[in-house]
Amino acid sequence: NETFFVREAHPAISVILLTIGAVWVVVYGFPAVVRLLQLMLPFLLLPLVFVVLIQFSHISFDNFRPILANGMLPVLKGAVLFAGFWQGLELILFINPFLHKPRKMLKPALAGIGVLVLLALTQSVNTIGILGIEHIEVAIWPGINAMSVIQFPGFPVDRYELFLTLPWVVAIFTTLCVFLYLFSFGLLQLIQISYR
């Protein structure tokens, strides 16, 4: 956060502000959290789709060669790291007992995770195509580095990193809201059980 937005401020300030906003939403209950997620969806998806579209013109297919030069094993080892993008499965498993009709949640949840995995896979492939494997192995933020390489002569926007950091902040805020709600709901359930 401090790298891209407010460099002079202490990181705790942004965390406190996000937490205050999340607590304010959680106080109004689960319907408010769901409505917030629905409102934030365009701010999450549209910049990511825009990023994918502008990256296509800067991909060099030479960065993909040689494909599978060392066999399938290194690809499978890298796929384990990529499995971290499957965020949401643990949340679905955790929230399932608290729902009245959990079967109705399965299709939308899997569709959402599928969209997330598709965007993450596309972003990973685009980043490899723009920067190459050698640069990605040493880069701290390869996606941000790929966006800083992109230039369109005559276009008034100079830094395209914002289109990756905006969904990042939105995802952090909405995830914080969901986990705060689940924590508070679980805590209330625990208190009720202890007083019986």
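**Helix α2 and its neighbours**

Hi everyone, let me start with one residue: L37 is partly exposed, with a relative accessible area of 32%. Before I go on, please keep in mind that this is a predicted model. L37 lies in helix α2, and I will use that helix as the thread of this talk.

What does L37 touch, leaving out residues up to four places away in sequence? The answer is T174 and V178. Look also at A171: its C-alpha atom and that of L37 are 9.4 Å apart, although the two positions lie 134 residues apart along the chain.

Let me step back to the whole chain for a moment. There are eight helices and zero strands, so to speak a run of α-α-α-α-α-α-α-α from the N terminus on. The chain has 196 residues, and 25% of them count as buried. If you take the contacts with a separation of 6 or more, 74% of them come from residues 24 or more positions apart.

Now to the helix pairs. For anyone who wants the vocabulary, a pair of packed helices is described by the angle between the two axes and the distance between them.

First up is α2 with α8. Their axes come within 9 Å and cross at roughly 160°. Since angles over 145 degrees count as roughly antiparallel, α2 is roughly antiparallel to α8. The crossing itself is left-handed. On the α2 side, the residues that meet α8 are F30, V33, L36, L37, M40, F43, L44, P47, L48, F50 and V51. On the α8 side, you will find F163, L164, L166, P167, V170, A171, F173, T174, C177, V178 and Y181. By class, this contact has 21 nonpolar residues, one polar and no charged.

Let me zoom in on T174, which we already met as a partner of L37. T174 sits in helix α8, residues 162–194. Is T174 buried or exposed? Its relative accessibility is 10%, and the limit for buried is under 20%, so T174 counts as buried. Its side chain reaches the backbone oxygen of A171 at 3.2 Å. Setting aside residues up to four places away in sequence, T174 touches L37 and M40.

Still on α2, here is a residue with another level of exposure. L46 also belongs to helix α2, and it is exposed, with a relative accessible area of 58%. If you want a distance to check on your screen, the C-alpha atoms of L46 and F163 are separated by 8.9 Å, with these positions 117 residues apart along the chain.

Next pair: α2, residues 30–55, with α5, residues 103–131. These axes come within 10 Å and cross at roughly 30°. Angles under 35 degrees count as roughly parallel, so α2 is roughly parallel to α5. Here the crossing is left-handed. From α2 come L45, L48, V49, V51, V52 and Q55, and from α5 come V115, L119, T122, Q123, N126 and I130. The classes are eight nonpolar, four polar and no charged residues.

One residue I would like to show you in this contact is N126. It lies in helix α5. At 2% relative accessibility, N126 counts as buried. Which residue does the side chain of N126 join in a polar contact? That is Q55, whose side chain is joined to the N126 side chain at 3.2 Å. Leaving aside neighbours within four places in sequence, N126 is in contact with V52, Q55, F56 and I59.

My last pair brings α8 back, this time with α1, residues 11–27. The axes of α1 and α8 come within 9 Å and cross at roughly 55°. That angle makes α1 oblique to α8, and the crossing is right-handed. The contact is built from L18, T19, G21, A22, V23, V25 and V26 of α1, together with I172, F173, L176, C177, L180, Y181 and S184 of α8. Its residues divide into eleven nonpolar, three polar and no charged.

To recap the angles: α2 is roughly antiparallel to α8, α2 is roughly parallel to α5, and α1 is oblique to α8. Thanks for listening!

How values were computed
Residues numbered from 1 in each chain as written. Predicted model: local features only at pLDDT ≥ 70, side-chain atom pairs only at ≥ 80, totals over all residues. Heavy atoms only, no water. Axes fitted to C-alpha atoms, helices over the stretch in contact; angles between N-to-C directions. Helix = DSSP H or I, 4+ residues; strand = E, 2+ residues; numbered from the N terminus. Parallel < 35°, antiparallel > 145°, perpendicular 65-115°, else oblique. Left-handed = near helix turned anticlockwise from the far one by under 90°. Contact = heavy atoms within 4.5 Å. Nonpolar A, V, L, I, M, F, W, Y, C, P; charged D, E, K, R; others polar. Buried < 20%, exposed > 50% of the residue type's maximum accessible area, 1.4 Å probe, protein only. Polar contact = N/O pair within 3.5 Å; in protein donor to acceptor, adjacent residues only side chain to side chain.
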